[in-house]
Amino acid sequence: MADPFLYNTGERSRYGCLGHEVQIEHIKAYVCRPSFFTDKAVIVIHDIFGWLFPDIRYIVDLIAGHGYITICPDFFKGTDPWKTTDHWADFADWMKAHDPMKVDKEADVVLKYLKEQCGAKKIGIVGFSWGGMAVHHLMLKNPQLTAGVSLYGIIRDSEERYNLLNPTFFIFGEKDHTISYDQITLLEEKLKQYCKVAYKIKVYPGQVHGFAQLKPEDMKPDDKPYIEEARKDMIDWIKMFI
């Protein structure tokens, strides 16, 4: 299997996190809060590299800076994330053990924490790659989530994947070879036919899988405008509904 991550995930600048880690029942999580009180929150679902990956923690801090209690739980529940030293020939087996459509229990634990411990009344969700698939799944299943953003991750093999419960934004890179243009077109056609809530699909020119979570110092100059546009679009979608 080809490596879908065309950026070298092993070469990242260091990042000093603004938040802290917490234990929520059986789940560890990274949390960052704004400097003022808010009853709005966003759950961030990590990609295959897990909740400790610097890019994801940067995204958590970024969203918190826009006024949201933001949390990234370890949806792998202490098991090993995919590592840059792993072999892609083993990826299918790894995915079977880390199914992005089996995140409901953990999502409910985190939703309870945000409501009861943080006072959150409106909660959104954002996910990248593996996490994007999990967001797509949860936006079909969990009405507690006010809005969602799925970045380069969709459910492909379910006829129920178009009945979104709440507004959902799907972000893709034009050159993402893990998701074909035909799949994006099919998603758009079926959502137009079946979806009864607000949705949006946007494809960013020239961008590959994983583009939207890079820290500024890790961006390639030609990609920077599209990465910043995708992030602004993500935040604007959250602000529209939460």
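In what order do the strands of the open sheet of 8 strands stand? In this predicted model, the order is 1-2-4-3-5-6-7-8, and the pairing within the sheet is mixed. Strand 1 (20-24) and strand 8 (199-204) stand at the edges, and because each has a single partner strand, one side of each is left without a neighbour in the sheet. From one strand to the next, the twist averages 20°.

**Strand 5 and its partners**

Strand 5, which covers residues 122-128, can be followed through its pairings on both sides. Strand 3 (residues 40-45) runs parallel to strand 5 and is joined to it by 6 bridges, and here Val42 has Gly124 of strand 5 as its bridge partner. Strand 5 also pairs with strand 6 in the parallel sense, again over 6 bridges, with Ile125 standing opposite Gly148 in strand 6. Strand 5 is mostly covered, since 6 of its 7 residues are buried.

**The edge at strand 8**

Towards the end of the sheet order, strand 7 (residues 168-173) pairs with strand 8 in the parallel sense over 6 bridges, and Thr168 stands opposite Tyr199 in strand 8. A contact of another kind involves Lys200, which lies over the face of Phe169 at 4.9 Å from the ring centre. A similar arrangement can be described for Arg57, whose charged end sits over the ring of Trp51, 4.8 Å from its centre.

**Aromatic pairs**

The structure holds 14 aromatic pairs, and two of them are set out in the table.

| Pair | Distance between ring centres | Angle between planes | Class |
|---|---|---|---|
| Trp88 and Phe91 | 5.0 Å | 55° | tilted |
| Phe128 and Tyr152 | 6.3 Å | 55° | tilted |

The pair of Phe128 and Tyr152 links distant parts of the chain, for Phe128 belongs to strand 5 while Tyr152 lies in the loop between strand 6 (145-151) and strand 7, 24 residues apart. Are the residues of these pairs buried or exposed? Phe128, at 0% relative accessibility, counts as buried, and Tyr152 is buried with a relative accessible area of 1%. Trp88 is buried as well, with a relative accessible area of 14%, and Phe91 is buried with 11%. Because buried means under 20% relative accessible area, the value of 14% places Trp88 among the buried residues. Ring pairs also link Trp88 and Phe91 with Phe76, Trp82, Trp94 and Trp130 into a cluster.

**An exposed glycine in a loop**

Gly78 has its place in the loop between strand 4 (69-73) and helix 2 (91-97). With a relative accessibility of 62%, Gly78 counts as exposed, because the term exposed applies over 50%. Although Gly78 and His26 are 52 residues apart along the chain, their C-alpha atoms are separated by 9.1 Å.

**Two helices that cross**

Two packed helices are described by the angle between their axes and the distance between the axes. For helix 1 (residues 54-64) and helix 6 (residues 224-241), the axes come within 11 Å and cross at roughly 50°. Why are these two helices called oblique to each other? An angle under 35 degrees would count as roughly parallel, and one from 65 to 115 as roughly perpendicular, whereas the crossing at roughly 50° falls in neither range, and helix 1 and helix 6 are therefore oblique to each other. The crossing of helix 1 and helix 6 is right-handed.

Technical notes. Residues are numbered from 1 along each chain as its sequence is written. This is a predicted model: local features need pLDDT of at least 70, side-chain atom pairs count only at pLDDT 80 or more; totals for chains, interfaces and linings use all residues. Side-chain values use heavy atoms; hydrogens and water are left out. Two strands pair if DSSP finds at least two bridges between them. Helices (H or I, at least four residues) and strands (E, at least two) are DSSP runs, numbered from the N terminus. Axes are lines fitted to C-alpha atoms, for helices over the stretch in contact, and angles run from 0 to 180 degrees between N-to-C directions. Buried means under 20% relative accessible area, exposed over 50%, partly exposed in between (1.4 Å probe, protein chains only). Rings of Phe, Tyr and Trp (its six-membered ring) pair if their centres lie within 6.5 Å; planes under 30 degrees apart count as stacked, over 60 as edge-to-face and the rest as tilted. A charge sits over a ring if NZ of Lys or CZ of Arg is within 6 Å of the ring centre and within 35 degrees of the ring normal. Angles under 35 degrees count as roughly parallel, over 145 as roughly antiparallel, 65 to 115 as roughly perpendicular and the rest as oblique. A crossing is left-handed if the near helix is turned anticlockwise from the far one by less than a right angle, and right-handed if clockwise.
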